[in-house]
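Morning, everyone. I'd like to walk you through one protein and the empty space inside it. Have a look at the screen.

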Amino acid sequence: MSNEQIPVPPSAQHALTLINAWQKESGERVPPVEPGSSLFGDDAKVPTLMVSSAAYQCFSHAVDHLHAVQALLFEAKMMHAYAPYSLLRAAVEAAGEAIWLLGPNSRQERIHRCLKRAYENVSKGQQFADLADVQPSGRSAATRIQEIRDLATEHGIDPNGVCGRWSTQQQVKYVDELLNKGKEPSAQALWQICSGFAHGREWATLGLLERTVHSQVGNVVKVRLSSSGEVLLNMLAMTTALSAEARRLFEERRISHHLQEHDRQHSPGLSRAHEFPESHHRTAHRARGLRPAGRRRDRRTRHPAPAAATTPQGGRDDRHRRCTLARRGTTRALAEPLLAPRFNLALRTLAHACDEVGQPLPALRVARLSQKSSLSVLPVDEDSTPLAPFTAGQDGWWHLPDDAELLDEDPARDVAAPYPAFVTIGADERTGDLVLLNMATDRVVLLDEAEDDVRQVCRSIILELAMSDWSERLEIITLGFGEDLIRLLPTLRFGYRQKTEHALRDLADWMLASVQLPGESGDAYLLVCASSLDPDSAWQLAEMLDKAGDLTVMVIAPAEHTARHFADAQVLDITATGPQHLDGTDVELIIQRIDDAAYQQITTDLHISGQPPHPAEGAWQAVPEEPHDSAPASQMRPTPPAEEAGAPQPASLGPADLGVFPARLAMGSGADGKPTEASAAAAAAGADTSSPARPQRATRVPQTAAEPQSPILSVLGTVQIIGATGSSYGPREAQLAALLHFRPGRSANTLCTDIDPLNPWTHRTLNTRLGDLRRALGDDPEGNPYVPRRASLDDPYLLSPEVRCDWTEFKALAEDALVNGPADVALLEEALSMVRGRPFGTHLLPWAEPLAQEMVTRIIDVAHTVAQWRTEPGHRHDLVAARQAVAAGLEVDNSAELLYRDWFRIEHASGNRSGLHIAISRLQQVNRSIDTSLELETQNLIPRLLDFPTTSTQAVT
């Protein structure tokens, strides 16, 4: 039947638009799963099955059948009586299966369903093979089923449940329960009607098809059945709506709610409620910094030789580590690196200016940190005159000019943080600006939704406040959640209370202490509740806040039972499907949160960073311990070696005279113009850093004249390829070479994600880069390319073993020298000369972080060993070389307190008291920047070294 006259209702027209857009999209690459998203965590748990791939395959299957119906009606212009409903039935089943896979909030349940789908696929394939008497290729069905059962057991899932009966009807029923709360079985009705048509059942066809009576003989009626255009298009619209829900769930699960791209393109049919601006989540970046902070503590507090704890390499642990680090290391938190410290300085400058003129602090309510590096605050009194350093902005906002004069960091630290309760609550949907709320102004913020959603929002708040630069005087108490963070976070700012009465008692004690002993209990108190308070507790809390007077007491709690006691409180609907207006502002707010998957990754990182260092193994056990400085200060004055006692000593030396590591001083100042650790060490010795340095190879891998000149992969600094004889290469090719060298044999998908977790490469891009790298490295003397070509899809991606690496040579030199002892100190110095900067550069990709951590640790070991051996009396005594070794180590990690103690002893041994003061000041400055105190060994060492006068005759040796 021709469909020339079919009227298309609006709902069907919308469905056709979506189908066309989805079909066009199917020719492009599959939308990537973002690090930190729910599906990213799912795929990490079952990497051989990939929940994301299974769900998207179901969605694509539904789209294909929907497009076939559209083509049949509007391109072929045919309206068959039964065939379109068979296509719609397949689309309903595929979309329903996708929703069934993605719908559960529990990761374990999503994995359970993915395993069940995999078992159904294997078992049905085996049934066909038995029926057709064919032998399937690859692993046997029994092997694959056993692997599925093992995966189920590994994740605490009943294998018998996974291998149980597969029911499409139960999947469609689940769709109704999820979408309609089970009230209207619309998906089941749609599926059953389409199934009735597909099987030619009279109850379906006679009920819905149009009937034309031709003749009647007795009780026998001859009729002609034809499809109803209106019915068919309505059913097409309903099926498309199910597919749209499947796609919405896929987008929700694949998109990280912490690591968003500013320029993410919307998928057809999705609302903006499912997109989150790029820089919305300052907490994600703060959490990202927790593990590096733990790593710094490991290196600062470690004894020589042990390595900081890292996740073991290989297998599932390696996959989990990459997932965690990818989520953390690829955050585009534009606001955090520059705007958060600038915001902190601006607030302290404002407080300092008010104190200078005796003016009270203005009450600020909201702050915005823009992606365009601008800051603005909104005072409670929008008609008030802006105070320096702020100027008047639009709609009552105060703007911080780019050229505003702010306090330097050191004077700013002496100003108490004036607004300790500023915390990020989300982002402005229109601009992407971070939105910070001053809890001290609102006092009470209520969260309106289920307990799980409230907990996710509360997590992001306490994680940020626990590490914020301006919250050091804020006391935070969590009620009913956060117990694990007490043990993991490197801060003492917050405590955990299990019961409501305990939290209320603690608040009462704080209020009493604040009145009787002002200044000793912190400037403000924040109670964060993730669970609903009972009515009596909510009433008691309201009474306590009413009696708090001028004390800064704040509460974040669920709205249930609490809203009635706080009529003026800010209430946030944390499950709103779109932006919500923030009272008293022009902000359209999207709430930030940390979901279960991201939270688990953060706590795992924190747990690993808090583990004790691994004990040294092999040659690294020979790294010397620090000298015991237990002798009285009067006996600690060094005695110059006999052969050097009568020699004239120069007053100062330039880099050309230092002789051991001139490449370090060639770096005299960093990109910001500030002196580097090498130049600081030279300055401590009175060196003239402007003198030219003797040329020396920055990277040396010994090579005989007859030995082939194979390329060298240099990772002890920004990744480079030295000796490439082919075409030129870029930084991406160098990073790809490093990835192939250190992680050989990975699949194409893994390589594409590892090289750029936020925007994974396509396979085409990977092949193009591999070709560029192959041409850049050229061939070995036998004519084989250094980047081997793959002969089949099963061949791994590899780099030729002929390509050498400076890290391998560094370890070989260092281990040989450590085994042989001080006689081979020159080998250690040769190894240090290969270090050009921080391993892999300053912008680490997630896969490289554990390697860089190991490299930094070993470089510090080598620098410490050289400093120790070169400081000991004897013919190897050379304080210049010792000082340069320390400088080389501090260039790699300027917070390694072990090396600072070596530096102190060197300046003391040289009689350079001013150099000693410079070194001590530098360590204090670094410690202030990372908010930590001196180690006990350092605190004991400094007074011993400063306890006696030095003479000018003890010049630099």
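I'll start with the whole protein and then go to its cavities.

First, a caution: this is a predicted model. Now the overall picture. The protein has 957 residues, and 53% of them are buried. Its secondary structure comprises 36 helices and 19 strands.

What about contacts along the sequence? Take contacts between residues at least 6 apart in sequence. Of these, 72% join residues at least 24 apart.

Next, the outside. The accessible surface is about 42300 Å². Carbon and sulfur atoms account for 50% of that surface.

Now the inside. How do we look for gaps? Rolling a probe the size of a water molecule over the atoms shows where empty space is left. How many cavities of 30 Å³ or more does the count give? It comes to 3. The largest cavity holds about 80 Å³ of space.

Let's stay with that largest cavity. In total, 13 residues line it. Closest to its centre are Ile425, Leu447, Val457, Ile461 and Leu572.

Which elements supply at least two lining residues each? There are two strands, S7 (422–428) and S9 (444–447), and one helix, H18 (451–467). Helix H18 gives the largest share, with 3 residues.

And the chemistry of that lining? It has 10 nonpolar residues and 3 polar ones. Charged residues are absent from the lining.

So, to recap the cavity. About 80 Å³ of space, with a lining of 10 nonpolar and 3 polar residues, and H18 as the largest contributor. Thanks, everyone.

Technical notes. Residues are numbered from 1 along each chain as its sequence is written. This is a predicted model: local features need pLDDT of at least 70, side-chain atom pairs count only at pLDDT 80 or more; totals for chains, interfaces and linings use all residues. Side-chain values use heavy atoms; hydrogens and water are left out. Helices (H or I, at least four residues) and strands (E, at least two) are DSSP runs, numbered from the N terminus. Buried means under 20% relative accessible area, exposed over 50%, partly exposed in between (1.4 Å probe, protein chains only). Contact means heavy atoms within 4.5 Å. Accessible areas come from the Shrake-Rupley method with a 1.4 Å probe; for residues, only the protein chains shown count as cover. On a 1 Å grid over the protein atoms alone, a cavity is a set of points where a 1.4 Å probe fits but cannot get out, and a pocket is an open set with protein on both sides within 12 Å along at least five of seven lines; lining residues have an atom within 4 Å of a point. Grid points are joined across faces, edges and corners, and a volume is the space filled by probe spheres set on the points. Ala, Val, Leu, Ile, Met, Phe, Trp, Tyr, Cys and Pro count as nonpolar, Asp, Glu, Lys and Arg as charged, and the others, Gly among them, as polar.
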